[in-house]
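Please open the structure in your viewer and keep the sequence at hand, since this tour moves from the whole chain to selected elements and then to single residues.

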Amino acid sequence: MNQPPPQYPGQYAPYPPPLPPKKGMGAGAIVAITLGSVVGVIVLLGIVGALAGSGSDTGRKDVTAVKSSTPDAKPAEQPAAAPEEQSQTDQFKAFVVKEGTAAEKAAAQHVTRVQGADEQNNVLDSAEIHTDYTGGLLGPHGGDGKLLASIFAEWKTSKNGLVTVYDGQGQILANGNF
C-alpha cells in the first residue's frame, strides 16, 4: 500500500491515512483532575487567609491622650479635633509638620487631599496624595512629589504599599513604596 515518494517535480504523494479517533479520558483521569483542582483551590484559599491574617498593626500609629499629673483633675479634655475625627489630609500634614524637613514641609503645603492611607491590609495597599502642583511626571515639581512620597512612607508602613502623588490636573507627579 505504501507508495514511493514522487520522483518528478509536480507529482504529489497521496494523503496519509486518517488517524484513528481518540478515545475519551477514563474515569480515573477525570476523578484525579477534579480532586487536584479542589485541593489546589483549598491551598490557594489557605495562602490568602494566612496573608490576610498575618498582618500586624505596626504601621498604624496610635495617639494617646496626655493625662494630667494630678489625681484630682478632671479627665483630659478632648483636643479641638481628635485624630479619628481629623481627615487623612490633616493627619498627614500634622505628621509632616512634626517630623518633616524644611523641604518636606514646603511640599506639604501644596497637598490638597490624601486618601487610602487608613485602609491597609498589608497585601496590596494603595494610597493617593493630591496636590495643586502642575506639570506631571516630567514637570518642574517631580522632586517635590518624590519628597511627599518619601515622607508618606515614614508616616505609614506596609509590606506591599504604593503611594501615588498627583498634580492638580490628575496627572501622576511621583510614586513610591511605603
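How much accessible surface does the chain have, and what percentage of that surface belongs to carbon and sulfur atoms? In this predicted model, the accessible surface comes to about 13,000 Å², and carbon and sulfur atoms make up 60% of it.

Begin with the whole chain in a cartoon view. You should find 4 helices and 4 strands, and if you follow them from the N terminus they appear in the order α-α-α-β-β-α-β-β. Of the 178 residues, 24% count as buried. Among the contacts with a separation of 6 or more, 59% are between residues 24 or more positions apart.

Next, select the strands. The 4 strands form an open sheet in the order E1-E2-E3-E4, and the pairing is mixed. The edges are E1 and strand E4 (172–177), each of which pairs on one side only, while the twist from one strand to the next averages 15°.

Within the sheet, select E2 together with strand E3 (residues 161–166), which pair in the parallel sense over 6 bridges. To see an example of this register, pick Ala127, whose bridge partner in E3 is Val163.

Now add the helices that lie against the sheet. Helix H2 (residues 88–99) packs on the sheet, where it touches E1 and E2, and its direction makes about 110° with that of E1. Helix H4 (residues 142–155) lies across E1, E2, E3 and E4, and runs at about 30° to E4.

Turn then to the loop between strand E1 (111–115) and strand E2 (125–131), and select Asn122, which lies in it. Is Asn122 buried or exposed? Its relative accessibility is 16%, so Asn122 counts as buried, the cut-off being under 20%. Add Ser158 to the selection: although Asn122 and Ser158 are 36 residues apart in sequence, their C-alpha atoms are 5.3 Å apart in space.

Finally, show the surface and select Val39, Val43, Ile47, Leu51, Val123 and Leu124, which form a nonpolar patch with about 550 Å² of accessible area together. One of these residues, Val43, has its place in helix H1 (residues 27–53). Val43 is described as partly exposed because its relative accessible area is 46%, a value that falls between the 20% limit for buried and the 50% limit for exposed.

Notes. Residues numbered from 1 in each chain as written. Predicted model: local features only at pLDDT ≥ 70, side-chain atom pairs only at ≥ 80, totals over all residues. Heavy atoms only, no water. Helix = DSSP H or I, 4+ residues; strand = E, 2+ residues; numbered from the N terminus. Buried < 20%, exposed > 50% of the residue type's maximum accessible area, 1.4 Å probe, protein only. Contact = heavy atoms within 4.5 Å. Areas by Shrake-Rupley, 256 points an atom, 1.4 Å probe, with all protein chains shown as cover. Pairing = 2+ DSSP bridges. Axes fitted to C-alpha atoms, helices over the stretch in contact; angles between N-to-C directions. Patch = residues over 30% accessible without salt bridge, like charges linked within 9 Å, V, L, I, M, F, W, Y side chains within 5 Å. Salt bridge = Lys/Arg side-chain N within 4 Å of Asp/Glu carboxyl O.
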